[in-house]
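Work through the exercises below with the sequence and the 3D structure at hand. Try each task before reading its solution.

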Amino acid sequence: MTTIISETEGRIVVALSGDLDTAACGQVERDLAPLFERDDCDIVVDCAELDYISSSGLRILLNIYKHVRKNGHKAYLRQPSDDVKEVLQIGGFLQLFEQED
């Protein structure tokens, strides 16, 4: 699992690649910790290279969503694969996050 964080056009982009499963979540949470200290921008979760997401991974996405919404910003999902999109749909995440192609 790889997490790459960048900032572009006033938004933070979190690019996830690999399997966001229980084993990877601890490191991903540590990688994302600095994001939760900021309250000044939208967050885009780039799922183009994300192969799998577990319920633990969904919890991380929910934390991102709650953080940006309480600060008056938006959370976006970018290019999830069909398999990941199905899990996001079942979990209700496609209704929470804005969609980006």
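The exercises that follow concern a predicted model.

**Exercise 1. A helix and its surroundings**

Find the span of helix α2, list its buried residues, and state which elements these residues pack against.

Solution.
1. Helix α2 covers residues 55-70, which is 16 residues.
2. From the first C-alpha to the last, α2 reaches 22 Å, close to the expected 22 Å at 1.5 Å a residue.
3. Buried in α2 are Ser-56, Gly-57, Leu-58, Ile-60, Leu-61, Ile-64, Tyr-65, His-67 and Val-68.
4. These buried residues pack against the strands β2 (11-20), β3 (42-53) and β4 (75-78), and against the helices α1 (22-32), α3 (82-90) and α4 (93-96).
5. Just after α2 comes Gly-72, with a positive phi of about 80 degrees.

**Exercise 2. Counting disulfides**

How many disulfides does the model have, and why do Cys-41 and Cys-47 not form one?

Solution.
1. To count as a disulfide, two cysteine sulfur atoms must lie within 2.5 Å.
2. For Cys-41, the closest cysteine sulfur is in Cys-47, at 17 Å, so the pair is too far apart for a bond.
3. For Cys-47, the closest cysteine sulfur is in Cys-25, at 13 Å, which is also too far for a bond.
4. By this rule, the count is zero disulfides.
5. As for accessibility, Cys-41 is buried at a relative accessible area of 8%, and Cys-47 is buried at 1%.

**Exercise 3. A pair of strands**

Describe how strands β1 and β2 pair and what links them.

Solution.
1. Strand β1 covers residues 2-8 and pairs with β2 in the antiparallel sense, over seven bridges.
2. One of the bridge partners can be named: Thr-2 is matched with Ser-17 in β2.
3. The two strands form a hairpin, with two residues between them.
4. In the turn, Glu-9 has a positive phi of about 50 degrees.

**Exercise 4. A glutamate in a strand**

Is Glu-100 buried or exposed, and which residues does Glu-100 touch?

Solution.
1. Glu-100 lies in strand β5, residues 98-100.
2. A residue counts as buried under 20% relative accessible area. Glu-100 has 17%, so Glu-100 is buried.
3. Leaving out residues up to four places away in sequence, Glu-100 touches Arg-11, Val-44, Tyr-76, Leu-77, Arg-78 and Gln-79.
4. With Arg-11, there is also a polar contact of 2.7 Å between the two side chains.

Terms used: Residues are numbered from 1 along each chain as its sequence is written. This is a predicted model: local features need pLDDT of at least 70, side-chain atom pairs count only at pLDDT 80 or more; totals for chains, interfaces and linings use all residues. Side-chain values use heavy atoms; hydrogens and water are left out. Helices (H or I, at least four residues) and strands (E, at least two) are DSSP runs, numbered from the N terminus. The expected span of a helix is 1.5 Å times one less than its number of residues. Buried means under 20% relative accessible area, exposed over 50%, partly exposed in between (1.4 Å probe, protein chains only). Contact means heavy atoms within 4.5 Å. Two strands pair if DSSP finds at least two bridges between them. A polar contact is a pair of N or O atoms within 3.5 Å; within protein, one must be able to donate a hydrogen and the other to accept it, and residues adjacent in sequence count only if both atoms are side-chain atoms.
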